[in-house]
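I opened the model today to look around it piece by piece. These are my notes, in the order I took them.

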Amino acid sequence: MSDDLVFYTNPMSRGRMVRWMLEEVGVPYRTEILDYGPAMKSPAYLAVNPMGKVPALVHRGTVITECAAICAWLADAFPQAGLAPAIDDPARGAYLRALFFAAGPMEAAISARAFGGLPPADKAGQVGYGSFDTMVDGLEALVSGPAYVAGDRFSAADVYLGSQVGWGLMFKSLPERPALTAYWARIADRPAAVRARAIDDALIPAR
């Protein structure tokens, strides 16, 4: 355990993405499990994340929230893990593109579809993702090239975008296009991903 890295999460939350990232980084960290409800809205936790949501990470006193930001932070803070292309590496562009695509158009379109909030066709140009099908076409293009979204090396962008692909296929919020299922199959059984799932699954209360 380490107080240098404190990870606030719930095993049934987007914190599962960050758990995977932490396991890929391979450095010690301390986990604080917060139940949904009062614990996430307590003054102590609101001082960490005023939105009262998980996950959040505190690294040597610096607070980072939002899954994509946490993944990017960890990749840059621990370069020895090799999870981010260098600033002067041309692959950095594809890496950032995938992170921001997943945090923006991808999540927005999936959420809008799930809650019946997709715009009519004549208004699609007014939202960042255009239409749900346009978003899926863009996602398919991102994962149809080399083995990983930033080239031939696995990165934090694969943790974040890949997690959303995995959940989308599991919960049927994404179509089972061959490129998506093949991409998920390439990354789902990484040792760090398997460890992270086992840790979080063990923390889910028995029903």
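**Pocket**

I began with the lining of the largest pocket, where α6 gives the largest share, six residues. I am working on a predicted model. The lining has 24 residues in total. I noted those that lie nearest the pocket centre: Met17, Ser163, Trp167, Gly168 and Phe171. Then I looked up which elements give two or more residues to this lining, and they are α1 (15-25), α4, α6 and α8. The space in the largest pocket comes to about 730 Å³.

**Helix α4**

Next I took α4, which runs over residues 91-114. I checked its length against its residue count. With 24 residues at 1.5 Å each, α4 should span 34 Å. The C-alpha atoms at its ends are 33 Å apart, so the two values agree.

I then looked for a bend in α4. There is a kink of about 40 degrees at Phe101, and the proline Pro105 follows shortly after. Phe101 is also one of the buried residues of α4. Others on that list include Arg92, Tyr95, Leu99, Met106, Glu107 and Ile110. I noted that charged residues such as Arg92 and Glu107 are listed as buried beside alanines such as Ala98, Ala102 and Ala109.

What do the buried residues of α4 pack against? I found three helices: α3 (67-77), α5 (132-143) and α6 (156-170). So α6 turns up twice in my notes, because it packs against buried residues of α4 and also lines the largest pocket.

After α4 comes Gly116. Its phi is positive, near 70 degrees.

**Asp200**

I moved on to Asp200, in helix α8 (residues 191-203). Is Asp200 buried or exposed? Its relative accessibility is 1%, so it counts as buried, the cut-off being under 20%. I looked for a polar partner and found Arg19: the two side chains make a polar contact at 3.3 Å. Leaving aside neighbours within four places in sequence, Asp200 is in contact with Pro11, Arg16 and Arg19.

**His59**

My last stop was His59, in strand β3 (residues 56-59). It has 9% relative accessibility and therefore counts as buried. Which residues does His59 touch, not counting those up to four places away in sequence? I listed Asp4, Leu5, Ile64, Trp73, Ala77 and Phe78. I also checked His59 against Asp3, which is 56 residues away along the chain. Their C-alpha atoms are separated by 8.2 Å.

Conventions. Residues are numbered from 1 along each chain as its sequence is written. This is a predicted model: local features need pLDDT of at least 70, side-chain atom pairs count only at pLDDT 80 or more; totals for chains, interfaces and linings use all residues. Side-chain values use heavy atoms; hydrogens and water are left out. Helices (H or I, at least four residues) and strands (E, at least two) are DSSP runs, numbered from the N terminus. The expected span of a helix is 1.5 Å times one less than its number of residues. The bend at a residue is the angle between axes fitted to the seven residues ending there and the seven starting there. Buried means under 20% relative accessible area, exposed over 50%, partly exposed in between (1.4 Å probe, protein chains only). Contact means heavy atoms within 4.5 Å. A polar contact is a pair of N or O atoms within 3.5 Å; within protein, one must be able to donate a hydrogen and the other to accept it, and residues adjacent in sequence count only if both atoms are side-chain atoms. On a 1 Å grid over the protein atoms alone, a cavity is a set of points where a 1.4 Å probe fits but cannot get out, and a pocket is an open set with protein on both sides within 12 Å along at least five of seven lines; lining residues have an atom within 4 Å of a point. Grid points are joined across faces, edges and corners, and a volume is the space filled by probe spheres set on the points.
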